[in-house]
Amino acid sequence: MATVVTLTSDADARLVTQHLQSLGVWSSALKNNAGSVTALTLSAHSASISFDALKRIPGIAEVLAAPSGHPRLDERRGKAVQINDTTKIGPGQPPTLMAGPCSAESAELVDAVAAEVAAAGGHLLRGGAFKPRTSPYAFAGAGQKALTWLRDAADRYGLGLVTECMSEADAGRVSEVADLIQIGSRNMQNFSLLRAIGATGAAVMLKRGRSATLSEWRLAAEHLLAAGARDVVFCERGIQGVDGETRNTLDLGAVALLSHIDQLPIVVDPSHGAGRRDLVQALSRAALAAGAHGVLVETHISPGEARSDGPQALPVNELYTLLRDHRN
Ligand code: PEP
Ligand code: MN
């Protein structure tokens, strides 16, 4: 959102510019008809700084900014999201580990993975009953019955549950079983789905679209909140890159910005971010160092036999080391 500062009639624009730069704020001059600089627009690349601090700079008369397009999201600054009785995700909380198979393939697999996630100190079980697949011929998930497998396994091992909802028709059912409803990358701007999921009042994990800007991502979260969602956790899962050696490009700059500047709850999915299991540990550490409040990781008892996303599935025995440096 552009911020403009107007200058007092006796201001030296060069001195004001220098003062702003010393605070990490970059600007460009706006001139009147007579060629004098009467205002400055502040660059989007600037450090965030309060209106009051700007007003105190000698030579600045007024600070003007368009109202935020996401007032409900702004109110959540600095607040963590209560997921269930035991887990909160967001600022001020220890990192959350969410792990499980890409797809809830069978009751047996879900049970076995849930046991491992709990033993590794995980907080939430993940797993998809409904899978968005690029090819119409790929395995699209076991459907509704998988929701029961997931909820039962999560309860058996004392875990919360995060699972994806792909369709408006399923929003009610998914909200009954999930502690956190996942909206997948491909659906970030499916506004009728956002409205239907928001209307359930659930807490939602909103994955970033593959080519979505941060502004589009925040506004999608605002759609959810405006529709009634209890809260939103952002999930960075990689954006369109230039190189296929990693499936996507994990945008840790965005993570640092949402965590440290916006102070909003954000987790990272290094599995879809890299598309390969040998990078998941390193990217999890990098994500937490950048300010992520948790990681969402795909794991499988037998990754070679996974029906979706096998190459990026972490063997379950590697879950133990994911949050190793962050344990008390
Ligand atoms: C998933 O979590 O399995 C998934 C499909 O993720 P994304 O929407 O990020 O591709
Ligand atoms: Mn997957």
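This report describes two residues, Val-110 and Thr-96, and helix H11 in a predicted model.

## Val-110 in helix H4

Val-110 belongs to helix H4, which covers residues 107–119. Its relative accessibility is 0%. Because buried means under 20% relative accessible area, Val-110 counts as buried.

Beyond the neighbours within four places in sequence, Val-110 has contacts with Ala-104, Leu-125, Trp-149, Leu-150 and Ala-153. Ala-203 lies 93 residues from Val-110 along the chain, and the C-alpha atoms of the two are separated by 22 Å.

## Thr-96 in strand E7

Thr-96 is part of strand E7, residues 96–100. With a relative accessible area of 1%, Thr-96 is buried, since the cut-off for buried is under 20%.

When neighbours within four places in sequence are left aside, the contacts of Thr-96 include Thr-87, Lys-88 and Ile-89. Thr-96 is also in contact with His-123 and Leu-124, with His-293, Gly-294 and Val-295, and with Leu-323.

## Helix H11 and its cover

Helix H11 comprises residues 280–290. Its buried residues are Val-280, Gln-281, Ser-284, Ala-287, Leu-288 and Ala-290. In an α-helix there are 3.6 residues a turn, so residues three or four places apart point the same way.

The cover over the buried residues of H11 includes two helices, H9 (252–261) and H10 (270–274). Strands E13 (266–268), E14 (294–300) and E15 (314–315) also contribute to that cover. After H11 comes Gly-291, with a positive phi near 120°.

Notes
Residues are numbered from 1 along each chain as its sequence is written. Chains are lettered from A and ligands numbered from 1 in the order in which they are written. This is a predicted model: local features need pLDDT of at least 70, side-chain atom pairs count only at pLDDT 80 or more; totals for chains, interfaces and linings use all residues. Side-chain values use heavy atoms; hydrogens and water are left out. Helices (H or I, at least four residues) and strands (E, at least two) are DSSP runs, numbered from the N terminus. Buried means under 20% relative accessible area, exposed over 50%, partly exposed in between (1.4 Å probe, protein chains only). Contact means heavy atoms within 4.5 Å.
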